[in-house]
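Colleague: Please take one part of this model and go through it closely, starting with how it meets its neighbours. I am new to this, so explain each term where it comes up.

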Amino acid sequence: MSPLNLRSGHSDSGREYWRILEDPGAAQPPSSAPAGSPDALTRRGFLGIMGASLAFAGGGGCSRPPSEPIVPYVRAPESVVPGKPLYFATAIALDGFSTGVLVESHEGRPTKIEGNPSHPAGRGSTDLFSQASILTLYDPDRARETTERGEVRQYEDFIRALRAAVDAERASGGAGVRILSDTVTSPTLAAQRRAILRSLPAARWHQWEPLMPTANATAGARLAFGRDAHTVHRLDRADVILALDAELLAGTPRSLADVRAFAERRRVAAQTEPRMNRLYAVEPALSLTGAKADHRWPLRARDVLPFAATLARRLGVETAALPAQVPGGIAASALDALARDLAAHRGASLVIAGDGQPPAVHALAHAMNAVLSNVGRTVVYTEPVALPPDPGDTLEALAEDMRAGRVRVLIVVAWNPVYAAAADLTFGQTLERIPFSAYLGLFHDETAEKCRWHVPAAHTLETWSDARAWDGTTSIVQPLIAPLYNGRSAHEIVALLDQGAAAPTSGYDIVRGYWTSTRRERDFERFWRRALHDGIVPDSAARPIDVALRPGWARAAASDAPTPPRGLEINFKPSAVVHDGRYANNGWLQELPQPLTSITWDNAAQLSPRTAGELGIRSEDVVALDYGGRRVLAPAWITPGHADGSVTVALGYGRTRAGRVGNGVGFDAYPLRTSRAPWFDDGLTVEKVGTTHPLAVAARHHDMQGRDLVVAGTLEAYHRDPNFVRARTSHTPRDRAGQPLSLYPDHPDAEYRWGMSIDLGACTACQACVVACYAENNIPVVGKAQVQAGRIMHWLRVDTYYAGSPDRPEVFHQPVPCMHCEKAPCEVVCPVNATVHSREGLNEMVYNRCVGTRYCSNNCPYKVRVFNFLQYADWETESLKLQRNPDVTVRSRGVMEKCTYCVQRINAARIEAEKQGRRIRDGEVVPACAAACPAQAIVFGDLNDPASAVHRLKQSPLDYALLGELGTRPRTTYLAALRNPNPDEAKA
Amino acid sequence: MMWGLLASFDDAAALARAALHLREAGYRRFDTYTPYPLDEPADVPGTPRSHIASVVFAAAIAGAIGGYAMQWYLMVVAYPINVGGRPLHSWPAFIPITFELMVLTASVAGVVTLLARNGFPRLHHPLFAVPGFERASQDGFLLAVEATDPMFSPLPTRRTLEQSGAREIYEVDGA
Amino acid sequence: MGTALSHATVPPAAPVVASGTTERDVVERVSAVVLARRAPLWWYAAAAMAAPLVGLLGVATLWLFVAGIGIWGVMRPVMWGFAIANFVWWIGIGHAGTLISAILLLLHQSWRESINRLAETMTLFAVMCAGIFPILHLGRPWFFYWLVPYPAQMAIWPQFRSPLVWDFFAVSTYFTVSLLFWYVGMIPDLAILRDRAGTRGARIAYGILALGWRGSGEHWRRHHRMYVLLAGLATPLVVSVHSVVSLDFAYAMVPGWHSTILPPYFVAGAIYSGFAVVLTLAVPLRRLYGLTDIITSRHLENCAKLLLATGEIVAYCYVMEHFMAWYSANPFDAALVENRAFGPYAPLFWIYLVCNVLVVQALWVPRVRRSPVWLFIIGALINIGMWIERVDIVIVSLHRDFVPSAWGNFVPTIWDWATLAGTIGFFALAYLLFIRYLPLVAMSDMAKLIADLRGKPAAARHG
C-alpha cells in the first residue's frame, strides 16, 4: 500500500491551468460594465487584479472572477480586504428546486457554502449536497474540452455544427429536433423554451430527472382534484404528522424547510410548558423520518396503499373500490389509535405521501387532509412551481421517438440519461443512432460518451441562471468565479437554437435580458441589485390555489390498486449521500458514513433480519438480485426495522464514467429500474452467490451496551419528572454546586467560556454538519481501504444506536464532536505539549508540535481524535488547493487532529469585536456544523454570557454530559432525546 | 632510572603475609597485584578509604534536587500553561523523573570517580614492561615496592622481600 | 527472595562449581571462547540466521519512514499496536539481567557469578531493542528528541506530566546504568584477555578496553566498592523503570489500563519473562561451549525457582486484576474483562493464561527443574506467553472502551510482524557478537569464588 494510492485518488498536472493563463481572455479586464452600477468598476478592477495575482500564485491561476458585476451579500464589506472573505448570495438546485445559499469567497475563490438566512427553504441552513458542491466545482476530473466523438474541438466548431443541424430542420418546423432538460423551474429557461417552440413549432422539449419528486404528487393531485396542484407542507403548524413511505427529513428539495419546521416543534428545552408534535411513519426501509418517528411500522411499499385506504375509511373518506384491509404487522387497535389521534387534531394534522408512492396514495393523502380540514392550514396547494410535465414530454415519449427514428437532432442538457434512464428504454443504444446528439455535462460521463458532441457544463457557482425553491421563491443564480474549464450553461446552449446571431449568447445577458423584460426599465437596476444581494426575488413564492376533491376520484385511483404479491418486493431509493448518482465523484459524500448504516464507499441491498434469516443471508454476502429478467450483484446488509419480504437498493452507484473517485464504487441498481415500476415492484428473487464483499463501515456497533450514552425519555416522563435526566446520570459524583467533583483546582476563566449544546431530540442525523466540517476544516478523504482500516478522518461523527426489537427498533442519533473537556484526559498524556487548553476553554491541537504518540487518542473516552497515519492531505492536485479554507492548516502525515470548535471563526469574530471595541455577541460565532444544521440542533456560544442561547440550554434539566461520570467536564453537552408517543397507542 | 621492585609469591596467603611484613618494616608505597581481590585482612596497606561512596551520595542528592527543580521551573515558570486542567505544579507527576535523574547522576559520577582515582585510562605503566606481569591478571600474586618510598633502597628492599618469601624478584625500570 | 535462596533452604543439589575446577581452568576455558582463532560452525550458522532478520528490520524501518506509521495495523481506537507491546516485552526481558547481577550480588548469592555476565548482556541488548519501538511508533519519528528538555528556539518544553516523558528518562537512565554496571564489572576480565591475547591487534583492542587495569589492591578496593554501589543503585532503578512503563497504561483512563495494580504486576512480569530468557540463553550456551561445570544445573535450578516464584506473583496479579474489575462494580471494567475472555481476541487471553500460569507449575517437580531441556522449553513458552500478554493488555483494552460506536478491531500487518522479527534478529546477532568477542562468564569473579570455596568445608561449597 503505497502512500500514493491512498490519496483521494487525484493526482493532476497543473497543465490546464497554465493553458488558461495563456488564454488571452484570462487576465483581461472584463468588458460590458452595466449602466448605473457605480461601484462595479472599482470592484471589477480589484477582482481583475486579484485574478492576475492569483495567476502569479501558480496553481491559483485558474480561478478568475466572472467578468460581469456580481453583488456581494451585505455581511461583507463593499471593498475587498485581502484575507477577509466576501459572501455572495446565490442558489443551488436539487432535483430542479433551489435552495438559497451564501458562498464564502476568498480573493475571488469560493471556498465554503452557507445557507442564506433570508431564503425560505434553508433559512440559513444547508443540506449535505450543497455543502459538498464546492468540491465538485474544483473536481479535477471535470470535463475541460468540447469534444466530438472524443476528439477535441473548438466550441465555435460545435456552434457551427449545431446551427447547421438545426437549420436543416427548420423547413419541417424542427420536427426532428428534441431537447431533453432537467425539471425546469428557471423562469429564464422556461422563457427560452417558449421562444424555441415558437420558432420550431414541431420540435419537442422533454423534462426528465432520475427522481421526479413531483411526478406522482402531480398525478395524485390530478386524480384527486382533477387539476395540477403543487403541494407545500407546513410542518410548523402540524401537531400530528403521518408519513406514508415519505422521506421528509433528508434528501429532497423540501427537506430543509421541513426539518426546520419539524425540529421547531420538537425542541422542548427552550419552552416553558413543553409541547411536541407527534410523528407516525409507515415505510419499507428505515429512513431518517422513520428513525425520528414516535410510532413507526415497517410496511412493504405495496402495503402502504391498503394501509392508507383503511385509515382514510376510518377517517370518513369515501374510498370506493380501493382495497382496505389492515396489512399484517399493524394491530387494528393501533390503526384506530392513529385515526383517533389524527381526528383529534383536525386542522393541525398532516398526512404526507412519499414521492415513490403511486398517485392513488397521494390522492388518498390529499383526501385525508381534506376531510381533516388541514387544507390551507398544514397543507397548502399552489399553482405548479416547475413546468408541469405534459404526458407527451416524458422521457418515455422521447425514447419512443428515438427508437422510431423521428429524432435527428437531440440536445441533452439534463443530467446523464444514459446512466440513469429507466432500463427498459435502452436509451444508450438508441442515442448512438441519432445523427446529431449533443450533451452538456460537467463530466465526460456515460452520456457524454454516447453523444456525438460533448460540451463541458459550467458548475452552478460558475453560472448565471435563476431557479425556484419548492415554495416557488425565485433566486437569481450568480457565478462566484469564471468557468474554470470554459463550461457553458444550459441557457447558453439553448440560446444557440435561436436563429439570428443577434440573440444574446452570454448567460448573463440571457438571464438579465429575461428579467429586464419582466420589469419596468426605470427601477430595474435597483431591483436587479437587490435580487442579487438578497438572493431572492421579492414575493415570488407560488400563489396558493383553491382545490376541491372531484367526485369519483377514488374509483379512478383504484387503477393503482396492487396486484396480489409475487415473490419479494424491490424498493428503489436515492442514495443518502450521492443522491441519484450525480455526486458520485465527490469524495466527501462517498466517504460520508451513510445515515443509519454507517456504510461508506458502497451501497448495499438492505433487508430485514427475518427475511435475511429465511434466505440464509448474512451482511456483506454478495447476493444476486433477479427482477424482470435482469440480474444485479450486490452486497447484502441486514437493517433493523426493515419490512419483511422486501429489499431496498440505493440508486446512484456503480458509475463507470463518473471520474477517478466515483468509478466502480458500489453496484448500479438502475438496470433493475423500469419506467413501469420506477420505485417498487414485486417479483424479485434473491440468492446468495457464495462470495462476500467487505464493506467499509465507519461504525459497526449500534448497541449502547446499557450505558447512558444517549439519554432518552418521553414527553410524558418529562412532565412527570423534569429532572429524570439528572436521575439517570446520578452516578456522576457532584459537589453542592452540581459540578462534577474534581481533585484539581479550577483554572482562572477568560472573558469567554465557549461551550456547545446539542439537542438530541432535534437532530435528524442528516449528516450535513459532517460535510460542512469537511469543507470548513480541510479534512482529507482517505478512501475505502483506509476507512476499512479504521482511519476515517471526520472530526464530527453522528453515532446511531438501536434499542428494542430489531423488527421495530427505537433509533437514537448522537453527533459527537470534540467535547472540549475542562479536565481533558488527552492533554495530560501528551509528552510535548502539543495539545493544551486555551484560556477560553478550547482543547487546542498544535499540529506543528505534534510528534504523533497518539496517546491522546487512546486516553480520549469519546474517541473524537483522528490521526494522519499516512499523507492523506492531497498536496499535488492544483484545483483542490483552491477549495481549501485559507484560515485552516492543511495537516501533514503523522499528526493528530480534531474538532477545534472552528477556532478560526471564533478569532474572526474576535477581531471584528475588538475593532469595534465590544464583546463578541451571542450568535456571532457559529461553527460550520451549527451553521449547516437544518434542525438547528447544535448551539454554540459563550457560557459566561447568562443571556446566551447556549447558556440557557445548559440550564435545562434535559442537559447532560456524555460519560460525565468520568469527571472530564465536557464543554459540549447534550439535551436528552425526547419522544412523544401516543399514550392512547401505548395502551393499545 | 628504576621505578621499583616487583616480587612474585606462591599464593594469596604468602602475598598477604609479605604485605604485612613490609608494612611492619615501615614501607608505605607498595601495592599487591592479584587476579581477584584479596580478602580484607590481607590488604593491610591502609591507604585512606576511598571517597567514592560520598561522591555518589552527593551526586544523588544533586541529581534529585536538580531534576525536580528543572521540572518545576519549566512547568511553572518557563512555560506555564493549562494542561488538562491540572495544577501547574503537579508535584506527584514530577517524582518519577526526579528519581531517575538521581540514579543517573549518582551512577555516572561514581564511575567517573572510579576511573579518575584509578588514573584510568592509563594504557602504559612501567609494570607492564616486566615479563610475567601479565600473570597478575590470571594466577600471579605479585607485590611491587615503588622507588619513591622513603624506605626504599634497592638492596635492602630486595632482601626484605626475599625474607618475606618472594619467589622471584624483578627490577622495574621507570619510563 | 533472598531467603528463599539462602544456603539453608537449598536441598543438596549440584554445586555452584564442579569440584576440581581451578581458577586457571575458568580463565583458560572462558577466554579460549573469545581468543579462539575462529568461531565454531554453529556460531556462523546462527549468525547467518540472525543477520537477514536485521536486514528485514532495516527494510521495515525504511519503509516506515517513507510511507508512514499507516503501514502498521494501528487504527482508531487501537492507536497503539505491536510497537508498544514489543517495547514493554523487551524492556521486561531486560530486567532479569539487572536483577541477577545487582540484587543477587547484594544478597551475596555467590551462585550468580557464572551467569551474571550473560544476564547483564541480555539486559543491554534487550533495552536496545525496546528503545527502538517508542521512536519508530511516533507519527513523526524524526522529532523524537522533542521529548528531551532542551532549550529549543520554539521555547516550548516537554510536558512532564506525561508518562511518556517519564518513560524517556527511565529507559535512557536504565540503559546508561546497565551499560556502566556491565562495563565496570568486565574491566578485570578485559585485562585478562589483554594479557592472554595471541595477536597484537587483540592485545591493543582489549588493552584499550581494559583502561590499564593492573589488578592492584587499590584498583580492586575501589572497583569492588563502586560495583556494589552500582548494584545498590540499579536495584531500585529496575523496579522504578518497569513501574514507569506500567504507568503509561495505569495513568490513562482506559478500562483495563487504569489500575493501581499495574506497577507491581508489570515488574513481576518483567522479571518473570527475564528469567525465562536467561534460561533459554544459558541452557544452549553452556552446552555448546562445554561450560557445564561453570554454569552448573544448580544455576539453572535456582533460576527455575525464581521463575516459579515470579510466576506465582504474576498469576496472583491476573487474579486480582479480574477480581477488582468485579469488586469495583465499574461497568466499563466488567465489560472489558468479559470482552477479554470471550471477545474477538479471547484466544490470546487463554493462550497466555496457559503459558504464563499453567506451564510454570511444572517447576514444582524437582526433576523438571533440573532438566535443561524442560527448562528451555518452559522458558520459551513463557517468552511467548508474556509477549501475548503484553499485546493483549495494549490491544484488547483499547479496541472496545467507552463509546461502542467507536469500537474497532486491530489487525497486524506484515510490517508489524517484520519489525518484531527484526528486533529479535538484532538481539540474536548482537548476542552472538558479544559471546564471540567478550567473556560470557565473569572470570575474575569466578576465580574469587573458587578461591574462597577452596578454603571452606565441602558442605559450604554448595553455597
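Modeller: In this predicted model, 58 residues of chain B are in contact with 55 residues of chain C, where contact means heavy atoms within 4.5 Å. Local features are given only at pLDDT of at least 70 and side-chain atom pairs only at pLDDT 80 or more, while totals for chains, interfaces and linings use all residues. Residues are numbered from 1 along each chain as its sequence is written, chains are lettered from A and ligands numbered from 1 in the order in which they are written, and side-chain values use heavy atoms, without hydrogens or water.

The size of an interface is often given as the accessible area lost when the parts come together. Between chain B and chain C the buried area (accessible area, with a 1.4 Å probe, that two parts lose on being put together, summed over both) is about 5000 Å², and carbon and sulfur atoms give 68% of that. On the chain B side, B:Tyr36, B:Glu100 and B:Gln138 lose the most area to chain C, together 13% of what that side buries.

Zero salt bridges are found across the interface of chain B and chain C, a salt bridge being a side-chain nitrogen of Lys or Arg within 4 Å of a carboxyl oxygen of Asp or Glu. There are, however, 15 residue pairs in polar contact across it, both residues at pLDDT 80 or more. A polar contact is a pair of N or O atoms within 3.5 Å; within protein, one must be able to donate a hydrogen and the other to accept it, and residues adjacent in sequence count only if both atoms are side-chain atoms. The elements of chain B that give two or more residues to the side touching chain C are strand E2 (30-33), helix H2 (52-78), helix H3 (91-118) and helix H4 (126-129); helices (H or I, at least four residues) and strands (E, at least two) are DSSP runs, numbered from the N terminus. H3(B) gives the most to that side, with 18 residues. By class, the side of chain B that touches chain C has 35 nonpolar, 12 polar and 11 charged residues, with Ala, Val, Leu, Ile, Met, Phe, Trp, Tyr, Cys and Pro counted as nonpolar, Asp, Glu, Lys and Arg as charged, and the others, Gly among them, as polar. In the loop between H3 and H4 of chain B lies B:Pro121, and the peptide bond leading to B:Pro121 from B:Phe120 is cis, with omega near -10°.

Chain C also meets chain A: 58 residues of chain A are in contact with 54 residues of chain C. These two chains bury about 4600 Å² between them, with 58% of it on carbon and sulfur atoms. More than any other three residues, A:Arg707, A:Arg849 and A:Arg893 contribute to the area that chain A buries against chain C, supplying 16% of it. The count here is one salt bridge, in which the side chains of A:Lys863 and C:Asp401 meet at 2.7 Å, N to O. Across this interface there are 33 residue pairs in polar contact, both at pLDDT 80 or more. Strand E29 (797-803), helix H27 (825-828), helix H28 (855-858) and strand E33 (866-867) are the elements of chain A that give two or more residues to the side touching chain C, and by class this side has 31 nonpolar, 15 polar and 12 charged residues. A:Lys863 itself is placed in the loop between H28 and E33 of chain A, and its phi is near 50°, a positive value in a residue other than glycine.

Within chain C, the axes of helix H6 (residues 163-196) and helix H7 (residues 200-210) come within 8 Å and cross at roughly 150°; axes are lines fitted to C-alpha atoms, for helices over the stretch in contact, and angles run from 0 to 180 degrees between N-to-C directions. This crossing of H6(C) and H7(C) is left-handed, meaning that the near helix is turned anticlockwise from the far one by less than a right angle. Among the residues making the contact are C:Tyr183 and C:Leu190 of H6(C) and C:Tyr206 and C:Leu209 of H7(C).
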